[in-house]
Amino acid sequence: MATFLYKLGKLAFRRRHFAALIWVALLTLAGVGAASAPTAASSSFSIPGTEAQKAFDLLEKRAPEASADGASARVVFKAPDGEKVTDKANKAEIEKTVAAVKAGSDQVARADSPFATKTVSKDGSTAYASVSYKVTSMELTDDDRDALEKTTDDARDSGLTVEVGGDALQAMPETGSTEIIGIAVAAVVLVITFGSLIAAGLPLITALIGVGIGVSSITALANALDLGTTTSTLAMMIGLAVGIDYALFIVSRYRGELADGRDREEAAGRAVGTAGSAVVFAGLTVVIALVGLAVVNIPMLTKMGFAAAGTVVIAVLIALTLIPALLGYAGRRVLPAGEKSKLFGGGRKAADADGSAGEPKQNMGTRWARFVVRRPIAVLLVGIVGLGAAAIPVSQLELGLPDDGAQPTSTTQRKAYDLVSEGFGPGFNGPLMIVGDLKGADDPKAAAGEITKTISKLDDVLTVAPPMLNKDKDTAIISVVPSSKPSGIETEDLVHSIRDTGTQIKSDSGAEIMVTGTTAMNIDVSQKLNDALLPYLALVVGLAFLLLIIVFRSILVPLKAALGFLLSVLAALGAVVAVFQWGWLGSLFGVEQTGPIMSMMPIFMVGVVFGLAMDYEVFLVTRMREAYVHGERPGQAIVTGFRHGARVVSAAAVIMIAVFAGFIGSSEQMVKMIGFGLAIAVFFDAFVVRMALVPAVLALLGRKAWWLPKWLDRALPNVDVEGEGLRTAAERDADGAAEREPVRV
């Protein structure tokens with residue numbers, strides 16, 4: 001592989017115009033496609049195999065007029081202080097508003113007056129109107145949403161407080177200025193690392209091009225493939241981080257090759273052949289982790305994983321082709337390692353960051369590695385105890401999906417949620433929908449009544465609405481309002497209790513029941529994700545373990561990498577629980593409402609963080625293996641690996657943390673939580689696991705770390721990540737040139 005990538009790097013350097021033109025053309029094509037594509041709305045959400053989804057499918061077949069899976073809105077009215085919604089003027093305004101909502105869009109299936117459905121609070125201060133649409137929230141147009149917002153704005157002019165909840169007004173997440181701050185931090189770190197604006201600019205430019213192509217492609221295909229807004233946000237988050245990191249490693253290696261005295265074309269080829277090999281395998285681990293999300297069998301999560309994986313593939317290809325092309329354009333403006341531009345030190349030699357210019361000097365990475373090699377047990381214990389302490393909150397982890405109660409307090413959805421909780425009780429924000437299949441009942445109407453009677457006796461049930469039968473009288477819809485909030489443990493227990501009564505109901509009346517609705521769907525999603533976590537972990541870690549055995553030609557090094565990753569993920573999940581569930585330092589991160597952790601967070605962090613953690617493992621440990629293969633003692637090889645890679649890996653980690661932390665400013669709780677979780681996970685993994693635990697374990701293992709059974713060594717393909725083939729080829733070329741040199745007479 002190293003030889004192929006070496007030739008590819010030299011080709012891209014020589015044919016830089018052609019390489020650059022290809023990527024500019026791809027960016028233009030993706031941009032045009034995104035600009036001409038229709039605006040994508042929120043992605044539809046289906047969970048194959050769950051009871052909640054089966055109930056929706058049954059209603060779609062037998063009672064399509066109910067629009068059970070259609071978008072919904074709840075228009076909440078609160079009278080001015082000292083007045084009631086039942087007062088003549090207020091009642092007339094509410095009736096007028098409900099009629100306007102019904103007439104405002106052709107997609108509105110029903111808009112029920114609160115006075116007809118008796119959804120008026122006991123004290124008369126609050127009322128709400130339920131609005132259901134014929135289509136899902138994904139299929140609603142901006143005109144439909146604008147009509148709903150305009151109608152409620154008009155009602156506010158009369159003095160009423162009017163807020164709207166439900167999924168009909170799902171908004172695009174806003175990441176805010178902190179995302180730009182993250183990129184700015186990355187730029188500063190790159191400038192400090194390279195001591196040159198030109199060298200620092202290359203990773204940023206190529207990462208932005210890669211993200212531009214990836215996100216534009218997602219936008220162009222969003223409607224056709226039913227991709228949600230979070231899909232492009234994740235692709236941007238991952239694409240920026242890995243795009244900058246991969247380019248950083250290749251540019252750094254290029255400067256090291258220049259410092260060894262090679263000409264620029266040869267240096268570009270060798271940089272792509274060596275660091276590029278590590279980039280390919282690091283990218284493969286990320287892609288495996290993201291594509292592996294498909295095993296969960298949640299379409300939305302699968303699409304997110306594939307879209308982000310596509311962006312990673314683009315980042316790898318850009319690092320291998322566009323970076324050497326841009327290095328060709330930059331020419332002498334990219335200086336060898338150890339030199340700085342006049343702006344950052346007048347071109348004088350600096351401390352040898354990459355350990356390749358002249359006699360290697362001790363840098364911070366060298367000193368730290370020697371300290372760890374001398375005190376491996378102490379470093380190992382401190383690191384494990386520290387990560388273990390951070391992981392303690394995981395024992396109290398509660399999973400769920402965010403509802404309107406997790407929205408920022410400034411949004412109309414959150415205000416509507418709070419008004420309903422105050423006026424009626426928290427359970428009204430998440431009523432359960434019971435679907436009764438009455439085909440097996442002798443008396444369908446009596447069976448529906450029996451279902452209602454049985455459920456009303458359960459704990460935590462506040463009210464049970466009379467059953468509604470479809471036209472054929474073979475299906476019943478019953479609305480159940482819990483006493484507790486939608487995301488509460490009590491509500492989850494109630495859903496399980498209702499399902500447990502299904503056997504009794506079937507034996508008594510012949511009817512079958514299923515629990516659905518947004519709340520039940522969230523509970524089913526959480527259960528499905530929990531069930532899939534171990535198989536997913538086994539698949540992803542297993543495949544990556546095999547890949548790392550090929551890269552490192554060792555059994556213990558990949559095993560250590562996997563165990564270290566589990567430590568960092570548990571510690572990061574502990575931090576997420578402490579901030580988003582317990583509220584520790586919540587105000588610092590803009591957490592306005594604590595609650596359960598998003599159901600997909602554990603499996604999502606396992607996938608993404610595993611891929612990113614293996615990046616640092618590959619980049620750092622391949623340099624150690626390279627030194628060991630070339631004859632250094634195990635302890636010295638660790639020090640050499642740190643001298644070459646510690647500064648660059650540290651810079652890459654800081655950049656990735658800055659990029660992920662930029663998404664903490666998002667207005668959407670899901671994006672905010674993902675940004676925080678990934679940022680803290682990268683911090684733990686890069687600076688505690690890879691920089692401390694890895695060298696400590698390798699120092700304790702000594703030569704055993706690189707042990708591989710001979711039969712396995714013969715069976716594994718030789719991918720030559722260390723670039724040994726390049727050295728052999730170079731020596732062969734030099735010998736051939738000497739033989740061909742004419743004799744002078």
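Start by selecting Ile 434 and Val 515: Ile 434 stands opposite Val 515, which sits in strand S10. You are looking at a predicted model, so keep that in mind as you move around.

**Stop 1: the S6 and S10 pair**

Extend the selection to all of strand S6, residues 432-437. Five bridges join S6 to S10, and the two run antiparallel. Now colour S10 (512-516) by accessibility. Four of its five residues are buried, so the strand is mostly covered.

**Stop 2: helix H17**

Next, select helix H17, residues 502-509. Which of its residues are buried? They are Gly 502, Ile 505 and Ser 509. These residues lie on the same side of H17, because they cover an arc of only 65 degrees around the axis. A bit of helix geometry helps here: an α-helix has 3.6 residues a turn, so residues three or four places apart point the same way.

Turn to the face of H17 directed away from its buried side, and you will find the exposed residues Thr 503 and Ser 507. What covers the buried residues of H17? The cover includes helix H15 (444-456), helix H16 (489-500) and strand S10. Before leaving, click on Gly 510, just after H17: this glycine takes a positive phi of about 85 degrees.

**Stop 3: Leu 462**

Now pick Leu 462 in strand S7, residues 461-464. Is Leu 462 buried, partly exposed or exposed? Its relative accessibility is 43%, so Leu 462 counts as partly exposed. Show the residues in contact with Leu 462, leaving aside neighbours within four places in sequence: Phe 424, Phe 428, Val 481, Pro 482 and Ser 483. Then draw a distance from Leu 462 to Gly 425, C-alpha to C-alpha; the gap is 9.2 Å in space, although the two are 37 residues apart in sequence.

**Stop 4: a four-stranded open sheet**

Move on to the sheet made of four strands in the order S2-S3-S1-S4, with antiparallel pairing. Its edge strands are S2 (108-111) and S4 (161-165), each pairing on one side only. Neighbouring strands here are turned by 20 degrees against each other on average, direction ignored.

Zoom in on S2 and S3 (residues 126-133), which pair over three antiparallel bridges. Ala 111 stands opposite Val 131 in S3. Two helices to add to the view are these:

- Helix H6 (residues 142-156) packs on the sheet and touches S1 (72-78), S3 and S4, with its direction at about 160 degrees to that of S4.
- Helix H14 (residues 412-423) also packs on the sheet, touching S1, S3 and S4, and its direction makes about 105 degrees with that of S4.

**Stop 5: the nonpolar cores**

Where should you click to explore the largest nonpolar core? Try Tyr 246 and Phe 660, the residues with the most contacts inside this core of 169 residues. Helix H20 (residues 601-629) supplies its largest share, 19 residues. Around Phe 660, show its contacts beyond four places in sequence, among them Met 237, Ile 238, Leu 612 and Val 682. A second, separate core of 25 residues includes Ala 71, Ala 79, Ala 127 and Val 131.

**Last stop: the whole protein**

Zoom out to see 24 helices and eleven strands. Of the 745 residues in the protein, 57% are buried. The accessible surface comes to about 31300 Å², and 59% of that belongs to carbon and sulfur atoms. Among contacts between residues at least 6 apart in sequence, 78% join residues at least 24 apart.

Notes
Residues are numbered from 1 along each chain as its sequence is written. This is a predicted model: local features need pLDDT of at least 70, side-chain atom pairs count only at pLDDT 80 or more; totals for chains, interfaces and linings use all residues. Side-chain values use heavy atoms; hydrogens and water are left out. Two strands pair if DSSP finds at least two bridges between them. Axes are lines fitted to C-alpha atoms, for helices over the stretch in contact, and angles run from 0 to 180 degrees between N-to-C directions. Contact means heavy atoms within 4.5 Å. Buried means under 20% relative accessible area, exposed over 50%, partly exposed in between (1.4 Å probe, protein chains only). The arc is that of the directions from the helix axis to the C-beta atoms. Accessible areas come from the Shrake-Rupley method with a 1.4 Å probe; for residues, only the protein chains shown count as cover. A nonpolar core is a set of buried Ala, Val, Leu, Ile, Met, Phe, Trp, Tyr and Cys residues joined through side-chain atoms within 4.5 Å.
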